[in-house]
Amino acid sequence: MQPLVTFILLTAWLVYGIVRTATQKYYWVPQYHYLTPFASPCVSDSCVPGSSHFGRWFGSFPPMLPLAIVTLPFLLAFRLTCYYYRKAYYRSFWLSPPACAVPEPRQGYTGETKFPLIMQNLHRYFWAIAVLISLVNTYDAIVAFHSPSGFGFGLGNLVLVANVLLLWSYTLGCHSCRHITLGRINHFSRHPVRYWLWERVSWLNERHMQFAWTTLASLVVTDAYIALVSSGTISDLRFVG
Ligand code: FES
């Protein structure tokens, strides 16, 4: 059952992401500066006015090309090469093997030592790019404290901030990040700052699977909330401004 549930949830998330990014619609709320992470950074002439926080690098995109095409491939690669997601999709999509203590069904299994799976070793580099993208998402969440009269915040800000905090928790809990903080060190006592960081990262790392799933959920919730407000289906609940 577990591989089946994982398969259904991951497939549903991918379908949602593909549909939302291909529509190129309802990704920006101009009154409150809410920008969905699915369209960030928006760097083409196709972006509606105000949504290009980092300038316009390209001309107009053809229909269905994701507006965040400069970051989405890296985020996808980051998640695909993540240690947790590897376990999840090796078991649920490939059944290779579907669980612990179940024999590997394939003959000549080579693990991740040959192409293409050896590419999983690029994860640490995708992690560095994901950190930069998390900074972009953080910036988006900060500039969203906006209202037509200046400063303001509403329920959309709480959603955006919660999403960013979860994204950082997932990104900093990465196994590569844990290695960066205290890998190849024999004497923890001689590196108190790195040890302190390693303890924090390890706490996140122990919950990496939970953050992997909650960030998928928070990304959908954030995007759906902004789409509903942007399309006029609901109004943002405003606390200030
Ligand atoms: S191991 Fe999951 S993000 Fe690096």
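**Exercise 1.** In which loop is Ala-101 found? Describe its backbone and exposure, then do likewise for Leu-95.

*Solution.* The model is predicted.
- Step 1: Ala-101 sits in the loop between helix 3 and helix 4.
- Step 2: Its phi is near 65 degrees, a positive value in a residue other than glycine.
- Step 3: Ala-101 has 86% relative accessibility, and exposed means over 50%. Ala-101 therefore counts as exposed.
- Step 4: Leu-95 lies in the loop between helix 3 and helix 4. Its phi is near 50 degrees, again positive in a residue other than glycine.
- Step 5: The relative accessible area of Leu-95 is 43%, so this residue is partly exposed.
- Step 6: For background, most residues other than glycine have a negative phi.

**Exercise 2.** Find the cis peptide bonds that lead into Pro-41 and Pro-116.

*Solution.*
- Step 1: Ser-40 and Pro-41 are joined by a cis bond, with omega about -5 degrees. Pro-41 is placed in the loop between strand 2 (34-35) and helix 2.
- Step 2: The bond from Phe-115 to Pro-116 is cis too, with omega near 5 degrees. Pro-116 belongs to the loop between helix 3 and helix 4.

**Exercise 3.** Work out how helix 7 is placed in the fold.

*Solution.*
- Step 1: Helix 7 covers residues 192-206, 15 residues in number. From first C-alpha to last it reaches 21 Å, close to the 21 Å expected.
- Step 2: List its buried residues: Trp-198, Val-201, Ser-202, Leu-204 and Asn-205.
- Step 3: Look down the axis. These buried residues fall within an arc of 155 degrees, so they line one face of helix 7.
- Step 4: Turn to the other side. Pro-192, Val-193 and Glu-206 are exposed there.
- Step 5: Find the partners. The buried residues of helix 7 pack against helix 5 (155-172), helix 6 (175-182) and helix 8 (208-230).

**Exercise 4.** Which residues touch the most other members of the largest nonpolar core?

*Solution.*
- Step 1: The core holds 33 residues, and Tyr-34, Tyr-85 and Tyr-170 touch the most other members.
- Step 2: Helices 2, 3, 4, 5, 7 and 8 each supply at least two residues of this core.
- Step 3: Helix 8 gives the most, with six residues.
- Step 4: Apart from this core lies another, of eight residues, including Trp-28 and Cys-47.

**Exercise 5.** Describe the largest pocket.

*Solution.*
- Step 1: Its volume is about 770 Å³.
- Step 2: The largest pocket is lined by 30 residues. Trp-13, Leu-14, Leu-75, Leu-76 and Arg-79 lie nearest its centre.
- Step 3: Helix 1 brings the largest share of the lining, seven residues.

Terms used
Residues numbered from 1 in each chain as written. Predicted model: local features only at pLDDT ≥ 70, side-chain atom pairs only at ≥ 80, totals over all residues. Heavy atoms only, no water. Helix = DSSP H or I, 4+ residues; strand = E, 2+ residues; numbered from the N terminus. Expected span 1.5 Å × (residues − 1). Buried < 20%, exposed > 50% of the residue type's maximum accessible area, 1.4 Å probe, protein only. Arc of directions from axis to C-beta. Contact = heavy atoms within 4.5 Å. Core = buried A, V, L, I, M, F, W, Y, C linked by side-chain atoms within 4.5 Å. 1 Å grid on protein atoms, 1.4 Å probe; cavity = no way out; pocket = protein on both sides within 12 Å on 5 of 7 lines; lining within 4 Å. Points joined across faces, edges and corners; volume = space filled by probe spheres on them.
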